[in-house]
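Got your viewer open and a selection box ready? Let's take a walk through this model, one stop at a time.

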Amino acid sequence: MKNSTTCPLDSADDSLFAGDAIPAYRASLAADRGPRSADVGARSAVGVDETPVADPPADLTYSSYLALDEVLTTQRPLSGAHDEMMFIVIHQVHELWFKLLLHEFADLQRRLSTGDTAGALHSLRRSLAVLKVVISQIDVMETLTPAQFAAFRGRLGTASGFQSAQFREVETVLGRRDLAVLDSYREGGAERGRIEAAMNRPSLFDSFLQYLAFQGYPVPVAVLYRDVSLPLEPSAEVQDALLEVHLEDGVAAQVCEGLIDLDQRLQEWRYRHGKMVERIIGHKTGTGGSSGASYLFRTLATPMFPDLWAVRSRS
C-alpha cells in the first residue's frame with residue numbers, strides 16, 4: 001500500500017448525495033488527513049440506520065406489509081391482447097430492480113468513501129446478483145413473437161423503454177454525463193430532477209478513486225478535485241495507479257474486479273436487450289420514435305469504466 005497526500009470523506013455523511021455534494025466532496029479532500037486504518041470505528045457504522053423503529057401495526061399481514069393491494073392493481077392493459085399483461089409485468093419488475101440497484105449503488109458509494117472494503121464487496125455482489133436476474137428476465141420477453149407484439153403495439157403511443165428515468169439515473173450514477181438524455185423528461189419534473197441531481201454529484205467511479213486514495217494509491221489530485229458534473233475522461237495517471245493495484249493483487253484489486261464485473265454485466269444486459277428488440281421488431285423504429293435495437297448495440301462500444309479496461313493491456 002502506498003502513502004498518499006489525498007484523503008477521502010471521513011464519514012458516511014449523506015451530504016455526498018445531496019445538492020451540496022461538490023463543495024462537501026472537495027472540502028473533505030482538502031482536509032488532507034492521510035489514509036486511515038480499515039478498522040476505524042466510523043466504518044462499522046456505514047449503512048446503519050439508528051432511527052428508532054416503531055412497533056408494527058397489530059393487524060400487519062404479508063399483503064399489507066408489501067402493499068399488494070396497490071402493487072397488483074397497477075397492471076392496466078390498454079388492449080384486449082393476451083400478451084400485453086406479460087409485457088407490462090416484465091417492465092414493471094425491471095423498474096423495481098432498477099430502484100434496488102440505485103439503492104445499492106448509494107450504499108456502495110458510501111462504503112467506498114469510508115474505505116469499507118468488505119462492505120463495498122458485499123454491495124457489489126448484491127448489485128451483480130440483481131443485474132443477473134434483470135438479464136435473465138429477458139428470457140420471458142423473448143417469448144413474445146412479432147405478431148403478438150403487433151397486436152397491442154399501436155396502443156403504446158409514444159411510450160418507450162427509452163424513457164426509463166430510473167435506468168438513465170443508473171447510467172448517470174455509474175458515470176454517464178449526457179445532457180441530451182434530459183430532453184425526454186419535462187423540465188422541472190421529478191424524473192428529470194433525479195437525473196440532474198445524479199449528474200451533479202460524484203459518480204460511482206469518483207467514489208472508487210476516492211477509495212483508492214484512502215488505501216494509499218497515487219490517484220491524481222486533479223482527478224479527485226475535478227468537476228463531477230463533467231464526464232470523467234480516461235487518464236494515463238489513473239491507469240498508473242490502477243496498475244499498482246493490479247500488481248499488488250490485494251483487496252483493492254478485488255474491488256476493481258467487482259467493478260469490471262459490474263461494467264461487463266451492464267454490457268451483457270444491453271446486448272441481450274438489443275437482441276430481444278431485434279428479435280421482436282427487427283430494425284424498425286422503436287416505440288416513441290427511438291432508434292430501437294440500433295441504439296442499444298451502439299452503446300456496447302462505450303464501457304462505464306474505461307480506465308479499468310485500458311489498464312488490463314498493461315498488467
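A pocket, for this tour, is an open set of grid points with protein on both sides within 12 Å along at least five of seven lines. One thing to keep in mind as you click around: this is a predicted model.

**Stop 1: a pocket**

Start with the second largest pocket, which has a volume of about 440 Å³. Which residues should you select to land by its centre? Try Gly175, Arg176, Thr302, Pro303 and Met304, the closest to the centre among the 21 residues that line this pocket. Now colour helix 9 (165-174) and helix 16 (306-310): each of them supplies at least two residues of the lining. Colour the lining by class and you get 10 nonpolar, four polar and seven charged residues.

**Stop 2: helix 9 beside helix 10**

Keep helix 9 on screen and add helix 10 (residues 190-199). Their axes come within 9 Å and cross at roughly 5°. Angles under 35 degrees count as roughly parallel, so helix 9 and helix 10 are roughly parallel to each other. For the contact itself, show Ala165, Arg168, Glu169, Thr172 and Val173 on helix 9; they meet Glu191, Arg194, Ile195, Ala198 and Met199 on helix 10. By class, that contact has five nonpolar, one polar and four charged residues.

**Stop 3: helix 5 against helix 6**

Next, select helix 5 (residues 84-113) and helix 6 (residues 117-136). Here the axes come within 9 Å and cross at roughly 165°. That angle makes helix 5 roughly antiparallel to helix 6, and the crossing of the two is left-handed. Want some side chains to look at? On helix 5, the residues in contact include His94, Trp97, Phe98, Leu101, Glu104 and Arg111, while helix 6 brings, among others, Ser123, Arg126, Leu131 and Val134. The contact of helix 5 with helix 6 comes to 13 nonpolar, four polar and four charged residues.

**Stop 4: the cavity**

How many cavities of 30 Å³ or more does the structure hold? Just one. The largest cavity has about 30 Å³ of space in it. To find this cavity, select Phe98, Leu101, Leu131, Val134, Phe167, Val170, Leu266 and Trp269, which line it. The elements giving two or more residues to that lining are helix 5, helix 6, helix 9 and helix 14. Is the lining nonpolar or charged? It is made of eight nonpolar residues, with no polar and no charged ones.

**Stop 5: helix 14 and helix 8**

Finish by following helix 14 (residues 251-281) to helix 8 (residues 146-153). The axes of this pair come within 8 Å and cross at roughly 85°. That makes helix 8 roughly perpendicular to helix 14. Show Pro146, Phe149 and Arg153 on helix 8, then Arg279, Ile280 and Ile281 on helix 14, and you have the residues that meet. By class, this contact has four nonpolar, no polar and two charged residues.

Technical notes
Residues numbered from 1 in each chain as written. Predicted model: local features only at pLDDT ≥ 70, side-chain atom pairs only at ≥ 80, totals over all residues. Heavy atoms only, no water. Axes fitted to C-alpha atoms, helices over the stretch in contact; angles between N-to-C directions. Helix = DSSP H or I, 4+ residues; strand = E, 2+ residues; numbered from the N terminus. Parallel < 35°, antiparallel > 145°, perpendicular 65-115°, else oblique. Left-handed = near helix turned anticlockwise from the far one by under 90°. Contact = heavy atoms within 4.5 Å. Nonpolar A, V, L, I, M, F, W, Y, C, P; charged D, E, K, R; others polar. 1 Å grid on protein atoms, 1.4 Å probe; cavity = no way out; pocket = protein on both sides within 12 Å on 5 of 7 lines; lining within 4 Å. Points joined across faces, edges and corners; volume = space filled by probe spheres on them.
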